[in-house]
Each structure stands twice: as structure tokens, then as C-alpha cells.
Amino acid sequence: GQWGSPDTMTSEIFDDTWEFPRGDLTLENILGEGEFGQVVKAQAKNLNGSGSTSVVAVKMLKPEASGTEYQDLASEFQLMKEVDHPNVIKLLGVCSQKGPLYLIVEYCEFGSLRSFLRASQFKNQSSWDDKKRQVDNEEPDGSQAREITIRDLFVFAWQIAKGMDYLAGLKIVHRDLAARNVLVSEGLKLKISDFGLSRDVYEMDTYLKLSKGRIPVKWMAPESLYRQVYTTKSDIWSYGIVLWETVTLGASPYPGIPAERLFPLLTTGYRMDRPEECPDELYAIMQKCWKSEPEQRPTFTELVRFLDNILQQNT
Ligand code: ADE
């Protein structure tokens with residue numbers, strides 16, 4: 001295999017080409033945490049035969065996890081080894097033998113798009129505020145060197161659409177596309193992540209607790225809410241919500257509306273207003289993504305083309 005496999009006798013569903021020696025991984029701090037899973041920063045020795053050490057992220061289960069969660073992580077591995085796109089998080093290896101299941105993925109230094117955008121709110125404020133925060137040593141984590149511009153937001157929207165168009169082409173339905181599940185790496189490259197069901201439950205009101213786990217109600221298309229139907233068209237709806245999160249620099253959707261009230265509101269045609277400062281072209285996309293009829297929503301291919309045009313007009 002690519003990194004050799006210390007113990008082929010116990011390998012079952014995991015394929016040796018991805019196996020990485022557990023002993024060459026040094027785990028560090030927790031980067032993100034869900035109900036049953038967590039992502040930990042780590043150093044990996046000699047990852048690609050370079051002889052050097054690389055920073056990686058390792059996805060693993062918490063001790064509370066059950067067999068279902070193990071299945072979810074295992075199927076995320078199965079999916080991830082098939083994908084290869086600059087805007088989709090890359091699998092680097094797996095530790096499946098003699099211990100807990102670890103998925104080794106590329107490290108994204110700025111964390112989730114949601115936290116990155118929220119941190120950028122401070123950067124985009126007045127210099128007086130910035131100076132004060134530096135003095136107080138309260139610089140939020142995930143901050144970047146410069147202010148975010150409207151153009152950056154369009155580039156973010158374009159990158160997410162590119163990654164989703166690629167996944168849709170592979171017939172992969174994400175089901176939980178949200179700014180918390182998009183990662184930001186160096187050079188402000190965005191990466192779609194979390195296509196397993198290991199959801200970040202950092203904010204409890206994000207997921208409605210039902211018998212079958214937690215449901216991210218405010219990102220869900222009506223047909224997913226009412227009939228559990230998940231398709232690329234319901235991912236498109238979620239993409240519209242991500243655009244709203246992006247242009248508001250990480251606000252929580254449907255502010256002030258409890259998840260339970262969303263059911264009747266959406267059926268009667270209620271949709272979020274255009275946020276202040278949101279360019280008309282971007283709000284127009286959101287409205288198309290939030291059409292009641294899934295067939296009337298655009299495709300990711302169309303969105304990429306549309307955003308390409310807007311970006312080219314404004315260079
Ligand atoms: N949080 C969750 N996954 C991550 C990753 N791959 N890199 C950085 N932070 C993360």
C-alpha cells in the first residue's frame with residue numbers, strides 16, 4: 001500500500017492503500033466537536049514519503065459513540081476516498097487497525113467558514129476597535145490579515161458552488177451543507193466537509209432533537225423537513241442559506257424564529273429578507289434556491305456559470 005500496512009490480517013472494509021501507521025501520528029488540540037465525534041489537530045510523520053512532518057486534522061469518534069456513529073464515520077471514509085477536488089476536503093489517510101478509527105484529512109488553518117466570517121467582523125470594524133482589541137489581547141481565533149470585501153464573498157460563493165457541483169456530479173447528496181461545514185484553508189481556499197453525518201452540535205439550537213438524531217432545520221428544504229426527501233435540489237436550498245450566512249458574515253438564519261415555527265412559515269411562502277449590504281444579484285440567487293418546487297431551483301452548474309460571469313464583470 002501507499003504507506004504500507006502493519007497488519008493486513010485484521011483489515012476488513014478498509015483498504016490498505018489508505019492505511020497510515022498510528023504511531024506516526026501525534027495528536028494535539030481539539031479543533032471541532034460534535035455530539036459523538038471530534039476533530040483533533042495532529043502532526044503526521046512522513047505522510048507522503050517526504051520525510052518531514054505535516055499538520056493534519058484527524059476525525060474520530062468520542063467514547064460515547066455507538067455502532068451507528070462508527071458506521072457513519074466508516075461511510076464517510078468510503079465517500080471521501082472517491083473525491084478529489086480543490087473545494088472538497090481531502091482524505092490523506094486512515095488508521096483503522098489496532099485501535100479507534102481515525103480519518104486523517106487536510107488541515108484548514110482558518111477553521112469553519114462560519115467562525116472565519118464571524119472573526120472577520122472585527123477586522124472589518126474601525127481601526128480604533130482593532131487597536132483596543134489588540135491591547136486587550138482579544139484577537140479572535142481564525143482572523144486573517146486583511147478585511148473581507150464584497151468580491152471575497154462572491155469568490156466564496158463561487159468556490160462552494162464549484163465544490164458542490166463536483167459532488168453533485170458524483171451523485172453525492174451532502175444533506176448538511178452549512179457555513180459550519182465549510183472549512184477555510186490558506187489563501188482563503190474553501191473546502192466542503194462533513195459529508196458523513198457527524199454533525200457539529202456546538203450550537204444546540206441549530207439542530208432540532210428528534211428520535212433519529214439532530215436535524216439542522218433552518219438549512220433544510222421544505223421537502224426534507226416534511227417528507228425526509230434529500231436530493232441535490234435540497235442541497236441547493238441549503239446553499240441559499242449558506243449564501244445568507246456568508247453575506248451576513250456568519251449570522252444565524254431566521255433570527256428570532258424558533259425552529260418549530262419554520263414548518264408553517266415556509267409552507268405559507270415566508271422567506272428571509274434581503275440582508276442589509278447584500279448585493280441584489282446575490283439575493284436573487286438566494287430567492288431562486290428557495291423556490292418551493294425543487295425543479296424550479298437552479299443547478300450548481302448554473303450557479304457556477306452565473307457567479308463566473310459576475311466575477312468577470314467586476315475584475
Ligand atoms: N475543524 C474541523 N475540521 C477541520 C480541519 N480539517 N481543519 C481545521 N479545522 C477543522
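These legends go with a few close-up views of a predicted model.

**View 1. The ligand and the residues around it.**
Start with the ligand and look at what surrounds it: L31, V39, A57, I89, V105, E106, Y107, C108 and L183. Sorted by kind, this shell has eight nonpolar residues, no polar ones and one charged one. On its own the ligand has 260 Å² of accessible area, and the protein covers 88% of that.

**View 2. Backbone contacts to the ligand at E106 and C108.**
Zoom in on two members of the shell, E106 and C108. At E106, a backbone N or O atom sits 3.0 Å from a nitrogen atom of the ligand. C108 also brings in its backbone: one of its polar backbone atoms is 2.9 Å from a ligand nitrogen.

**View 3. A buried salt bridge between K59 and D194.**
Here K59 pairs up with D194 in a salt bridge, with 2.9 Å between the closest N and O atoms. K59 belongs to strand β3 (residues 53-61), while D194 is in the loop between β7 (189-192) and β8 (208-210), so the pair ties together parts that are 135 residues apart in sequence. Are these two residues buried or exposed? Both K59 and D194 turn out to be buried.

**View 4. R297 meets E223.**
In this close-up the side chains of R297 and E223 form a salt bridge, 2.8 Å from N to O. R297 comes from the loop between α8 (280-289) and α9 (300-313), and E223 from helix α5 (residues 222-227), so to speak two distant parts of the chain, 74 residues apart, linked by one pair. Both R297 and E223 are buried. Elsewhere, salt bridges with shared partners join K59, E76 and D194 into one network.

**View 5. D84 and K90, a pair with some exposure.**
D84 and K90 make a salt bridge too, and their closest N and O atoms are 2.9 Å apart. D84 counts as exposed because its relative accessibility is 54%, over the 50% cut-off. K90, at a relative accessible area of 28%, is partly exposed.

**View 6. Salt bridges across the model.**
How many salt bridges are there? The count comes to eight, including the pairs K59 with D194, R297 with E223 and D84 with K90. As a general point, side chains of opposite charge can pair when their charged atoms come close.

Definitions and conventions: Residues numbered from 1 in each chain as written. Predicted model: local features only at pLDDT ≥ 70, side-chain atom pairs only at ≥ 80, totals over all residues. Heavy atoms only, no water. Salt bridge = Lys/Arg side-chain N within 4 Å of Asp/Glu carboxyl O. Helix = DSSP H or I, 4+ residues; strand = E, 2+ residues; numbered from the N terminus. Buried < 20%, exposed > 50% of the residue type's maximum accessible area, 1.4 Å probe, protein only. Near = heavy atom within 4 Å. Polar contact = N/O pair within 3.5 Å; in protein donor to acceptor, adjacent residues only side chain to side chain. Areas by Shrake-Rupley, 256 points an atom, 1.4 Å probe, with all protein chains shown as cover. Nonpolar A, V, L, I, M, F, W, Y, C, P; charged D, E, K, R; others polar.
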